[in-house]
Amino acid sequence: MGKKIQAVKGMNDLLPVEQKDWPITSAYWQAFETVVNEWAQQYAYQFIRTPIIESTGLFVRSIGEETDVVGKEMYTFDDYGDSLSLRPEGTASCLRAVVEHNLLYNGPMKLWYMGPMFRHEKPQKGRYRQFHQAGFEALGYSQPDVDAEMIVMTADLWERLGVLDKVQLQINTLGIPEERAAHRAALVAYLQQHEAVLDEDSKRRMHTNPLRVLDTKNPDLQEIANHAPRLLDYLGEESLNHYQQFKALLDAVGIVYVENPRLVRGLDYYNKTVFEWVTSELGSQGTICGGGRYDGLIESLGGKEAPAIGFAMGIERLLLLVQQIGVLKVENNLDVFVMYQGEGTMQQAVINAQILRQAGLSVSQYSGTQSLKAQMKKADGSGARFAVIIGESEVTEGVVTLKDLRGDNGQIQIVSTQLTSQLQQWMA
Ligand code: ATP
Ligand code: MG
């Protein structure tokens, strides 16, 4: 026997059955996809799918060279002389496609995507090397109403999934690049005064991405972070106004939020509104969804200037939360379980199963290698509403046995030509 080969660490299988450290089944995942599809349609977002591999330069230019995502988490490889990367997030690819195909020629657009992302991180609960995001991008929209719409729509999804009261909305504003530059200068000067007590991470970030120092989880640095110059004090009227209007809209629709001046997000392209939905139910990987404005990004990728905002949710984290405390109904849609056993029965099974499928029913045809008794157990466990039983006596008499597994119609023998109409009558 050959040695077993295992999946790559941090990259998981999605199976029809629950796994030891992973309670989410493929049926559960698909039920979620159905909910998301309907929900996205209701908010008039159109679906887009881009390749999972892009030129490395796309991510370097958009996400930023000094970010953790690009600096140390990206899967990059040489493709016969070209540097390519597995996408670590979806916005860059989406915008690359939008610019390449000139999708905004006719005005703003709302797009969404769903699929795998790749980051070389330390695998743990809620943090994987291949994970999945559903991401939403509103492109060409400058006003705070679309910022608020994104909050309303995510809150609506949490409500549909029964987790709204276990998640908290945190918001902040990052202003515009000029305001951030002024604040950055003051912040770096402040951090330099305290350089002696900073940890290694913060010393490095002080020069590459000083805002991230404020985001430090190191308890010894909380005091320093708390007293650092606040970005809010450097914002101009336009930025403040946008933020005020955003908050007023949230108030108007009854959305509860917490202002977190330290919320900066891990990617460079954000400006003005940023937000995260966090939960304390999942341990340390508590952010299920994050997003913000990126008004300059489309232009920096070679497109015509177009203000925009987007967010992405981590599907694994969200489903772990839903599984733990929420509601997501997995429908069992199997109508009929066809079983057969004995001489000449296989052919009848194939013919009858197909008759039923052509009538629109979902039909599982089992294996005749087991006894009818064993197959009946499988039928019970399958969730099918009805069983069609074909043994040798049925073949001899030219009939099939039809059994109601869940209701009180009992068991009858009928000819194949009446099978469909009889079932439809029972199902009505
Ligand atoms: P975190 O701070 O938890 O690392 P992030 O800021 O890196 O998150 P984003 O880039 O904003 O995450 O991605 C959006 C969402 O994707 C996150 O809120 C999270 O739910 C999910 N996510 C990010 N990285 C992972 C991962 N390695 N495994 C599973 N989900 C992830
Ligand atoms: Mg991260």
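User: How do you know that strand E15 (residues 400-404) and strand E16 (residues 411-414) pair?
Analyst: This is a predicted model, and four bridges join E15 to E16 in it. Pairing takes at least two bridges, so E15 and E16 count as paired. The two strands run antiparallel.

User: Which residue of E16 is the bridge partner of valine 400?
Analyst: Isoleucine 414 is the bridge partner of valine 400.

User: What marks glycine 410 in the hairpin of E15 and E16?
Analyst: Glycine 410 takes a positive phi near 70°. The hairpin has six residues between its strands.

User: What sheet do E15 and E16 belong to, and in what order do its strands lie?
Analyst: They lie in an open sheet of five strands, ordered E13-E12-E14-E15-E16. Its pairing is mixed.

User: What makes strand E13 (363-365) and E16 edge strands?
Analyst: Each of them pairs on one side only. Neighbouring strands of this sheet are turned by 20° against each other on average, with direction ignored.

User: Which helix packs on this sheet and touches E12, E14, E15 and E16?
Analyst: Helix H16 (residues 416-427) does. Its direction makes about 10° with that of E15. Angles under 35 degrees count as roughly parallel, so H16 is roughly parallel to E15.

User: How does helix H13 (residues 345-358) run relative to E13?
Analyst: H13 runs at about 165° to E13. The cut-off for roughly antiparallel is over 145, so H13 and E13 meet it. H13 lies across strand E12 (336-340), E13, strand E14 (386-390) and E15.

User: What is the strand order in the open sheet of eight strands?
Analyst: The order is E1-E5-E6-E11-E10-E9-E7-E8, again with mixed pairing.

User: Why is one side of strand E1 (46-47) and of strand E8 (258-259) left without a neighbour in the sheet?
Analyst: Both strands stand at the edges, and each has a single partner strand, so one side of each has no neighbour there.

User: How do you know that strand E10 (residues 287-293) and strand E11 (residues 308-314) pair?
Analyst: They share five bridges, in the antiparallel sense. At least two are needed, so E10 and E11 pass the test. Cysteine 289 stands opposite methionine 313 in E11.

User: Which helix lies across E10 and E11?
Analyst: Helix H5 (residues 144-160) does, and E5, E6, E7 and E9 are also among the strands in its path. H5 runs at about 20° to E11.

User: How do helix H1 (residues 26-42) and H5 cross?
Analyst: Their axes come within 11 Å and cross at roughly 145°. The crossing is right-handed. H1 brings Val35, Trp39 and Gln42, while H5 brings Met153, Thr154, Asp156, Leu157 and Arg160. By class, that gives four nonpolar, two polar and two charged residues.

User: Why are helix H6 (residues 177-193) and helix H7 (residues 200-208) given a direction label, and which one?
Analyst: They pack at about 150°, with axes 10 Å apart. That angle is over 145, so H6 is roughly antiparallel to H7. Their crossing is left-handed.

User: What makes up the contact of H6 with H7?
Analyst: Arg184, Val188, Leu191 and Gln192 of H6 meet Met206, His207 and Thr208 of H7. Three are nonpolar, three polar and one charged.

User: What angle do helix H2 (residues 56-63) and helix H4 (residues 91-100) make, and what is it called?
Analyst: The angle is about 105°, and the axes are 10 Å apart. It falls within 65 to 115, so H2 and H4 are roughly perpendicular. Leu58, Phe59 and Ser62 of H2 touch Ala92, Ser93 and Arg96 of H4. The count is three nonpolar, two polar and one charged.

User: What domains does the chain have?
Analyst: Domain 1 covers 26-175 + 235-325, and domain 2 covers 336-427. Their centres, taken over C-alpha atoms, are 48 Å apart.

Terms used
Residues are numbered from 1 along each chain as its sequence is written. Chains are lettered from A and ligands numbered from 1 in the order in which they are written. This is a predicted model: local features need pLDDT of at least 70, side-chain atom pairs count only at pLDDT 80 or more; totals for chains, interfaces and linings use all residues. Side-chain values use heavy atoms; hydrogens and water are left out. Axes are lines fitted to C-alpha atoms, for helices over the stretch in contact, and angles run from 0 to 180 degrees between N-to-C directions. A crossing is left-handed if the near helix is turned anticlockwise from the far one by less than a right angle, and right-handed if clockwise. Contact means heavy atoms within 4.5 Å. Ala, Val, Leu, Ile, Met, Phe, Trp, Tyr, Cys and Pro count as nonpolar, Asp, Glu, Lys and Arg as charged, and the others, Gly among them, as polar. Domain bounds come from an automatic or database domain assignment.
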